[in-house]
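Please open the model in a viewer and keep the selection tool at hand. The tour proceeds by selection, with a short account of what each selection shows.

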Amino acid sequence: MKRWLFCLVGALWTVAIAAGQAPPLPDLAGSEPQVAQKIRSAHARVESSDDDESWGRYAMILEAHRYTDEAEVAYRRAFEMDERDVRWPYLLGSMLEYFDPREARLWHERAIALDADYAPGRYRAGQTFEKLGRLDEAEQHFARAVQLDARLGLAHFGLGRVALARGDSNVAVRHLERAYELSSEVQAVVATLARAYHRVRRTDEARRLAAEARTLPRMTHHLDPRRSAMMDEAVSTESYLRRSRTYMEVGQLERSLRVLQTLLASQPDNHEAHFAAAGVLDRMGRTQEAVTAARRALELEPDLPGARAVLAGALFKGGDFAAARQEAEGVLRAEPNNFHMLLVTSMIAAGSGDTGTMVTRLDRAFEARDGDRELRGVLRGLLQDLADSFAAIGERAEAKKRLRWVRQLAVEEGAPSTALQQIDARLRQLEGAR
Amino acid sequence: MLALVALAACGGAEESDAPPVATDPESAPSRSVRFVDVTEELGLAVRHIPGVDEDYAMPAVMGGGFAVFDLEGDGDPDLYVVQSGEQMPYEGPRRAANVLLRNDGGRFADVSDGSGADDRGYGQGVAVGDVDSDGHVDLFVTNFGPDVLLRNRGDGTFEDVTAAAGVAGDGWSSSALFVDFDADGLLDLFVARYVEFDPDRVCLLQSGLRDFCGPAQFRGASDRLYRNLGDFRFEDVSRSSGVAARADRGLGVAAADFDEDGRLDLYVANDTDPNHLWINRGDGTFSEDGVLLGVAFNRFGVGEAGMGVAVGDADLDGDPDLFVSHLIEETNTLYENRGAAGFEDVTAQWGLSVDSVGYTGFGTMFADFDNDGDPDLAVANGAVKQRPDALIAPGRASWAIEKYVEPNQRFENLGAGRFRLAGADDFSASLAVHRGLTAVDLDGDGDLDLLVSQIEGPLLAFRNDGGEAGPALRLRVLEGRRTAFGATVEVSLGGKVRRLLVEPLGGYLTSGDQPLHFGLGESTSIDDIVVEWVGGEREAFAVDDIGGVVELRRGEGSPG
């Protein structure tokens, strides 16, 4: 009874807002000027047009800047004005998933009633049911999403999660392997497949994937065209940077770069944007442009070790070893244990035949190994080479020391037991050579 | 029309999203348990000083630990409150001292002056443990800056033995705990470390407003493990044990034998990074198996913002389950231990999902508040970024604390895999930036009360009214003269066996050395008690009288 009273009051409140026709305006004090301007401008459009498109667009702009309370009111109003437009219930459902999964479920169902064949919508509905602990319904939506788009990796992932929760490990493996085929760059998929392999006692594969998962970026956003359109409304500095990161996380590097270029068009002296662009360009293999962007970031903000590190890495990849070493040494003065820079300088030293520096830096890189996992494989390879070199010149103690590190890295990476056996055999060989 | 939409939404939600006990926001109070704010009554007036200003330095929004222990051996719980300070260490020396509070017949008196416990580091948390097994609980204080080890002389004063012990560390330490990981009878020390903080980093919300930075803005820091060599000397075995191999953003810590091989493992809740489950190999090294065993990520494979950790046997099947508190828009997560299969995130199925997404959880603990025999949950909430919906009117403090305050939550364990949000009381109505939490019987009436720290406010005390209606067993489990952290106690009553871990209470910046509390439910007597000591040895104890605190000392039982 109390619940119904509560709902009645809520409904009356909603009616009052609607009847008043006044779009909610958040407190914009302290906001960036371009944000305030965009929101005020959209607000004015709502006041003048008062149609579903202006309300819905206003809602998207509000959500893009995290004014979620006001966005909810605006989405509801847009839907009330045009109940055939699937965007409003879908976006509202997606936004509410994080605050109120029960309410989100209702809006996702409304969206599906309008467009039953939108696979990402089915995935989101399934995910929302999963958040409510309703696995049967979640499974139905994931299965439908797979029927609609067999290449939607996340839908297979959803089926795998449900199977795993039920203890159907073999079924889970089947779904998750398909998800992995389609989305091998998604940390969540890789980690969950590792867990499933562990359950079916495929231990070596489980360990390998667990190690792989740790090297992948954390992905928090599932992007689809409707959600992307909302995100693209954001104009705050932070939202540009965040959106760029999000696109980079899901492998949309071109799009990530475009977002930064848009930001730089209005803020050409934003050092963070130049820094971020350097990182994206570096990942795209556009090394020279990455160098230019990193240098611009450092011109604007010299105390930016991250940009200097990107610059050193890009110079190294571009073959300008002298400049790379200079920049890397600059980073190491500020961060003596920077793993990437120790590796870069050790490799440059190796290239120039400076074995002493190479060994020192490599040793330091290993000692200072600080969880920067991206280059661990490289480090392992270099240590292995180093061990072989020491063994070749009869420095067995030095060789064994590096080989033990190789083994330690291999264990931490979840290398298969055969690889460990090979290292152990080599260690025994070195012992025997004494 | 809009009204119909709203009504339809309400009607649908009530319909059948999940069993009604889990989703009804107006759920009935649990077995008449209510928590009453007795902060003033107990004389807890020392305010936490975070030193927040327009710089929004991140350490200011994370701190606020405290410890509960018996300072003088009189059986009453005394307190140690960690202060942060008016300034960050890089800004200057002006910082508040930590505070030692002695329990004088139910009111706490500040006895810091001359105690030697008044460290002035920029404090975060504290761990308790009897490092030299002399019967006096020692303190390890984690700081943003060098940490401090304080030896309890047993006369109400402490000696700073950090330098000789070699445990100062550096950077930003968060939670710590004492754990005898090598089963040699001496308590070793694990210290979680957070991020490599850069004070020059400026962070904005998506609206463009200034706010505290999130952890992703900084590199993570590797955790530390120190092996106790005796005589307050420690060896840093972080690297050789393997725990330094990961540099993630650690906050909450817990120790238990998660894989039931007789050795104590370590769990670290990391903020946005995968959580760590360090499985003890028994040879001084650990294997990090969080991903494989299903506790690194949530059910969606996403690394959440891990803050606090609670360990408890939620489903009464005998093995330790894990509960991790998280950021707003994430659920707090319950990982059910399924033995060899690892853990499963059962948050939603157990009814713990929907009610937690609106808040940022920190300190959390399993504790049997209604003495019905199963562990309930309490969570201290408080935001780290400005909430979109400030929960109280603005204008209270310079740094706009009202944008960060949140209410606490308590969940009653209904058995059969369900929890429900408990009814309103002073604990759940408290609006503050809560951080550390622990459950302890402050008034000795046989039920567990709650202590909660907050940023820019006093330590809060909530008295449990109603929990004492059911009987409880209180055990002090001792190895020599110290509490046997890591031991497991099995109590048989009415044909059922319940297991409880002897742990330093609190998984976020907070710690406690207090008697183990067993709610007995409908039982009035117990059949049998078996203790499994660290290292795997088992001993049975006969207990006839369950009144008062019962001592179980290693070597004084019979082979179990």
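The stops below begin with the whole chain and then follow individual helices and helix pairs.

**Whole chain**

Display chain A as a cartoon, bearing in mind that this is a predicted model. The chain contains 24 helices and zero strands. Its C-alpha trace spans about 90 × 55 × 35 Å along the principal axes. Of the 434 residues in chain A, 50% count as buried. Where contacts join residues at least 6 apart in sequence, 47% of them link residues at least 24 apart.

**Helices α2 and α3**

Select residues 33-49 of chain A, helix α2, together with residues 52-64, helix α3. How are these two helices packed, in angle and in distance between axes? The angle is about 160°, and the axes lie 9 Å apart. With angles over 145 degrees counted as roughly antiparallel, α2(A) and α3(A) are therefore roughly antiparallel to each other. The crossing of α2(A) past α3(A) is left-handed.

Now show side chains at the contact. On the α2(A) side, select Lys38(A), Ile39(A), Ala42(A), His43(A), Arg45(A), Val46(A) and Ser49(A). They meet Ser54(A), Trp55(A), Arg57(A), Tyr58(A), Ile61(A) and Leu62(A) of α3(A). Sorted by class, this contact comprises seven nonpolar, three polar and three charged residues.

**Helix α4**

Move to residues 68-81 of chain A, helix α4. A distance drawn between its end C-alpha atoms should read 20 Å, which agrees with the 20 Å that 14 residues should span at 1.5 Å a residue. Is α4(A) mostly covered or mostly uncovered? The helix is mostly covered, with 10 of its 14 residues buried. Colour the buried positions, which include Glu70(A), Glu72(A), Arg76(A) and Arg77(A) as well as Val73(A), Tyr75(A) and Phe79(A).

**Helix α10 and its neighbours**

Select residues 169-182 of chain A, helix α10. This helix also has 14 residues, and it reaches 20 Å from its first C-alpha to its last, close to the expected 20 Å. Its buried residues are Ala172(A), Val173(A), His175(A), Leu176(A), Arg178(A), Ala179(A) and Tyr180(A). Which helices do they pack against? Add α9 (153-166) and α11 (187-199) of chain A to the view to see these partners.

**Helices α11 and α12**

Keep α11(A) and add residues 203-215 of chain A, helix α12. The two pack at an angle of about 160°, their axes 8 Å apart; they are therefore roughly antiparallel. Their crossing is left-handed. From α11(A), residues including Val190(A), Leu193(A), Ala194(A) and Tyr197(A) meet residues of α12(A), among them Ala206(A), Leu209(A), Ala210(A) and Ala213(A). By class, the contact has nine nonpolar, three polar and two charged residues.

**Helices α14 and α15**

For the final stop, select residues 237-249 of chain A, helix α14, and residues 253-266, helix α15. Their axes come within 7 Å and cross at roughly 165°. That angle makes α14(A) roughly antiparallel to α15(A), and this crossing is left-handed. Show Thr237(A), Tyr240(A), Arg243(A), Ser244(A), Tyr247(A) and Met248(A) on α14(A). Facing them in contact on α15(A) are residues including Leu253(A), Arg255(A), Val259(A), Leu260(A) and Leu263(A). The contact has seven nonpolar, four polar and two charged residues.

Technical notes. Residues numbered from 1 in each chain as written. Chains lettered and ligands numbered in written order. Predicted model: local features only at pLDDT ≥ 70, side-chain atom pairs only at ≥ 80, totals over all residues. Axes fitted to C-alpha atoms, helices over the stretch in contact; angles between N-to-C directions. Helix = DSSP H or I, 4+ residues; strand = E, 2+ residues; numbered from the N terminus. Parallel < 35°, antiparallel > 145°, perpendicular 65-115°, else oblique. Left-handed = near helix turned anticlockwise from the far one by under 90°. Contact = placed C-beta atoms within 7 Å. Nonpolar A, V, L, I, M, F, W, Y, C, P; charged D, E, K, R; others polar. Expected span 1.5 Å × (residues − 1). Buried ≥ 20, exposed ≤ 12 C-beta atoms within 10 Å, placed from the backbone.
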